[in-house]
Amino acid sequence: MQWHSDNPALTNAFAPVFDERDDADLQVDGTLPACLSGVFMRNGPNPQFEPGPGYAYPYDGTGMIHALYLDAGRARYRNRWVLTRELQEERQAGHRIYNPTFAPPPQANLANTNVLRHAGKILALYEGGGPYAMDDALATIGPHTFQGRLAGSLSAHPKVDPLSGEMLALNYDLAAGTLEYLRVNAGGQVDRQLRFASPWPGLIHDIAITPTHVLAFLCPLVFDFSRGPAAPAWEPQRGTRILLVPRDCTDPGQIRWIETDPFFNWHIANAHATGDVIEAVMPWHDGYGPGARKRLELHRLRIHAGSGRVEDQALDVHPCEFGRINDAWLGQRARYCYVGLRDPRPGETPQPGAFEAFARYDMTTGAKTVFRLPAGQTACEPVFAADPQGAGEADGYILSFIHAEHDERGRFIALDARDLAAGPVAQVSLPRRVPAGLHGSWMPRA
């Protein structure tokens, strides 16, 4: 069943695809590095049935995972919807049942925001519901509750510590006005779970980690349900609260809140600690919503945990989002940060959430390297795939799906992370375009 919508969140780069495919021996231009042996997976909204009024990217649309399997220079593509309970109900009914996020109930677990592997399991994540386990071929196994310990939602952005193998998350409950700290050990068992009150009901989309703490920002986007279904409001007079949770936390009294000036934040590229000073690098918004938001920049915050002083430094005023690093450096001092860069060409109408360029920032020297896509093309999040034979932080490749305007086919590119400006070392032609989406992971072959 195919349909068309004039909703801007369902057109151009965001228009859904309607077929599930499995295509092998795809055309490769250039040479896929031999070290890229594994699978690149990316999740994103892709409604199967035409949504009701109020559909908005990135909040809505049932998740579809797009996977590119790489081995010995060859590439295979596969895509599958995440078969949530709600999607199965809609398939049985033959039409939409569930409403968009900011419409009246009922709402669905969309499982559409992220996909990662931890403790041998592939999880499709959505912060408005629990995770779904998938197999390597993208078949849906079912809800994953961590042996019954997870009763509600799991964050869309847990962080996996590359040294300990632990997965750490902060989950929020807007209706209850609470947060939950969750730590899952390398074997997949929950060994820390603590619920505590939030200063106000707000979303925490992403976190960062250091060897001793989980860091997050509670921004003054307030969800007051007395105003209607989830209706968020930007209330800058509250300021932003910086949340520091000790990773071994067992009592809410150990949690620290630090007040600072208001800003909005979706993603944190990384954080590290030197003594009691935590540095975090992130895309930074000066507000949220049409009347409030004017600036989107890359910032570095220096948080003095002892005194509570916060230093906010703009690293670049060029709009960017989806900051990533080499995940082997998560929680440590990373030199390089990669972002999707907003760089529309003359005459183009940009779509929020799609990027015309990638940039690499050198946190030591301040140097910025940019790869710009040709006119009419946009990219998704830059995902770092490390070269297992490499010794340095930058030894690896930036992977992404590419959308070309007015083309029903798609592309995948691999860029040398050490020299983004040189352009792709390899491009894979896909039989079907991949809509602009959200987050993904490189999963090397074990």
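**Close-up 1. Two strands that help line the largest pocket.** In the lining of the largest pocket, β11 (167-173) and β24 (320-324) each chip in at least two residues. Keep in mind as you look around that this model is predicted. β24 is the top contributor here, giving three residues to the lining of the largest pocket.

**Close-up 2. The middle of the largest pocket.** How much space lies in the largest pocket? It comes to about 1,400 Å³. There are 47 lining residues, and the ones nearest the pocket's centre are Pro 58, Tyr 59, Leu 203, Trp 266 and Tyr 288. Sort the lining of this largest pocket by class and you get 27 nonpolar, 13 polar and seven charged residues.

**Close-up 3. The middle of the second largest pocket.** Now for the runner-up: the second largest pocket has a volume of about 850 Å³. Which residues sit closest to its centre? They are Arg 324, Asp 327, Leu 330, Ser 441 and Trp 442, out of 35 that line the second largest pocket.

**Close-up 4. Strands around the second largest pocket.** Two or more lining residues of the second largest pocket come from each of β6 (114-118), β10 (159-160), β24, β29 (383-386) and β33 (440-444). You've met β24 already, as a supplier to the lining of the largest pocket. Which element gives the most to the lining of the second largest pocket? That's β33, with five residues. As for class, the lining of the second largest pocket splits into 20 nonpolar, eight polar and seven charged residues.

Methods: Residues are numbered from 1 along each chain as its sequence is written. This is a predicted model: local features need pLDDT of at least 70, side-chain atom pairs count only at pLDDT 80 or more; totals for chains, interfaces and linings use all residues. Side-chain values use heavy atoms; hydrogens and water are left out. On a 1 Å grid over the protein atoms alone, a cavity is a set of points where a 1.4 Å probe fits but cannot get out, and a pocket is an open set with protein on both sides within 12 Å along at least five of seven lines; lining residues have an atom within 4 Å of a point. Grid points are joined across faces, edges and corners, and a volume is the space filled by probe spheres set on the points. Helices (H or I, at least four residues) and strands (E, at least two) are DSSP runs, numbered from the N terminus. Ala, Val, Leu, Ile, Met, Phe, Trp, Tyr, Cys and Pro count as nonpolar, Asp, Glu, Lys and Arg as charged, and the others, Gly among them, as polar.
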